[in-house]
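Biologist: Please take one loop of this model and go through it closely, with its surroundings. I would like one connected account.

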Amino acid sequence: MTNQIPFRRSELVVLESLICILLLILSFVGNAMVITVVFKKPRLSTTTSLFIAALATTDLINALVPGPLFLSSLITGKMPYSSTGCAISGFFMQFLTLASVSTMDLIAVNRYFCVVKPNIYKRIFTSKRSAIFLASLWIFIAMVILFPLILGWASMDFSSQMASCSLHFNSLTSETGFTVFVMVSFVVTSFVIVALSYYFVSKSLRQHRDHLSNNSGLSAQEINLTKTFFVLVVSFIVLWLPTFVVVILFRGVLRKTLPRQLALAIPYGLLANSAVNPWIYGAMNPSFRKKFLSILKRSEAPNRVLPAENAVSSYLGISRGVPLQIIEELE
């Protein structure tokens with residue numbers, strides 16, 4: 001496969017590069033702040049902090065590894081890094097996509113047990129078990145991606161259409177089989193689990209809206225957190241569904257004839273999701289936007305200097321859509 005990107009007008013090179021730079025900056029700044037807040041807190045053994053940190057970590061890695069390599073390709077018009085860099089970029093691009101989807105899946109199951117099965121929730125989702133669930137899931141994903149490489153079915157090559165590296169299979173049969181397995185095991189299954197989990201969660205919340213805390217032991221903070229994660233998952237699905245359609249076209253239907261502008265939706269989709277996650281709720285939710293503006297005014301007041309840690313914590317409540325009382329729970 002060629003390492004050269006098809007000719008582009010200079011205006012298009014500048015536009016594609018600037019969009020990528022903007023997404024990288026938003027992703028790095030937002031997710032770095034989220035991780036800083038979570039890991040500076042003394043009570044890091046909560047499932048809440050673990051999942052928030054896990055989501056932010058996948059987004060931050062994307063901004064640090066495959067994202068900059070993608071940007072360098074857009075700027076130079078070719079693959080400017082070595083085969084090792086290509087392998088690293090391609091692996092993380094595949095891994096972070098599936099890790100994000102699967103982590104959302106795990107969150108949905110977590111919220112199901114928290115709301116619908118609160119009696120056994122604390123036994124199943126202890127801090128140690130939650131960490132094991134997450135680590136096991138990520139290790140499995142890494143093995144799935146490495147499997148065709150180890151067996152020699154595929155190699156990590158540069159795609160001029162995507163301006164980034166991805167799995168290149170030696171035969172159509174192996175590529176089709178791998179694509180079907182990944183789509184069924186991770187994408188379709190995840191969306192089904194998420195849909196069913198939040199269906200039962202919303203049904204339970206409606207049935208016990210007035211006395212849920214007293215009858216099931218579920219706190220108001222947990223209810224708010226469940227709603228927050230639901231919005232996070234929905235926004236993730238909305239962003240990724242079109243991208244997964246493009247992946248199917250890229251791997252099976254159109255293959256090499258897929259228009260370059262459409263193929264670019266794959267790396268741009270991953271970057272956009274990483275960039276949007278920490279910021280979208282502060283921009284879309286009026287109450288959070290109001291709190292954000294009030295925090296900025298308070299931080300500028302000469303006699304009321306907001307401690308840096310609390311300022312970042314308040315930002316986390318806005319950026320991730322997590323109510324401020326949940327952040328206080330982490331503190």
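Modeller: M162 touches F70, M93, F250, A263, L264, I266 and P267, leaving out residues up to four places away in sequence; contact here means heavy atoms within 4.5 Å. M162 sits in the loop between β1 and β2, where helices (H or I, at least four residues) and strands (E, at least two) are DSSP runs numbered from the N terminus. At 2% relative accessibility, M162 counts as buried; buried means under 20% relative accessible area, exposed over 50% and partly exposed in between, with a 1.4 Å probe and protein chains only. From M162 to L264 the C-alpha distance is 4.8 Å, although 102 residues separate the two in sequence.

The model is predicted: local features need pLDDT of at least 70, side-chain atom pairs count only at pLDDT 80 or more, and totals for chains, interfaces and linings use all residues. Residues are numbered from 1 along each chain as its sequence is written, and side-chain values use heavy atoms, with hydrogens and water left out.

A163 is also in the loop between β1 and β2. A163 has a positive phi of about 60° although it is not a glycine, and with a relative accessible area of 0% it is buried.

S160 belongs to this loop as well, which runs between β1 (154–159) and β2 (164–169). S160 counts as buried because its relative accessibility is 15%. Outside its neighbours within four places in sequence, S160 contacts T2, Q4, I5, P6 and R260. The C-alpha atoms of S160 and M79 are 8.5 Å apart, with their positions 81 residues apart along the chain.

Two contacts of M162, F70 and M93, along with P267, recur in the lining of the second largest cavity, which consists of N62, P66, G67, F70, M93, S164, P267, L270 and L271. A cavity is a set of points on a 1 Å grid over the protein atoms alone where a 1.4 Å probe fits but cannot get out, and lining residues have an atom within 4 Å of a point. This cavity holds about 60 Å³ of space, and the model has 4 cavities of 30 Å³ or more; points are joined across faces, edges and corners, and a volume is the space filled by probe spheres set on them. α3 (66–76) and α11 (265–276) each supply at least two lining residues. The lining has 6 nonpolar residues, 3 polar and no charged; Ala, Val, Leu, Ile, Met, Phe, Trp, Tyr, Cys and Pro count as nonpolar, Asp, Glu, Lys and Arg as charged, and the others, Gly among them, as polar.

F70 is also one of the residues, with C20, F95 and I141, that touch the most other members of the largest nonpolar core, which has 68 residues. Such a core is a set of buried Ala, Val, Leu, Ile, Met, Phe, Trp, Tyr and Cys residues joined through side-chain atoms within 4.5 Å. α4 gives the most to this core, with 15 residues. Helix α4 (residues 83–115) is mostly covered, with 26 of its 33 residues buried. C20 contacts G67, F70, L71, L74, Y268 and L271, leaving aside neighbours within four places in sequence.

Overall, the chain has 15 helices and 2 strands, and 49% of its 331 residues count as buried.

Technical notes. On a 1 Å grid over the protein atoms alone, a cavity is a set of points where a 1.4 Å probe fits but cannot get out, and a pocket is an open set with protein on both sides within 12 Å along at least five of seven lines; lining residues have an atom within 4 Å of a point.
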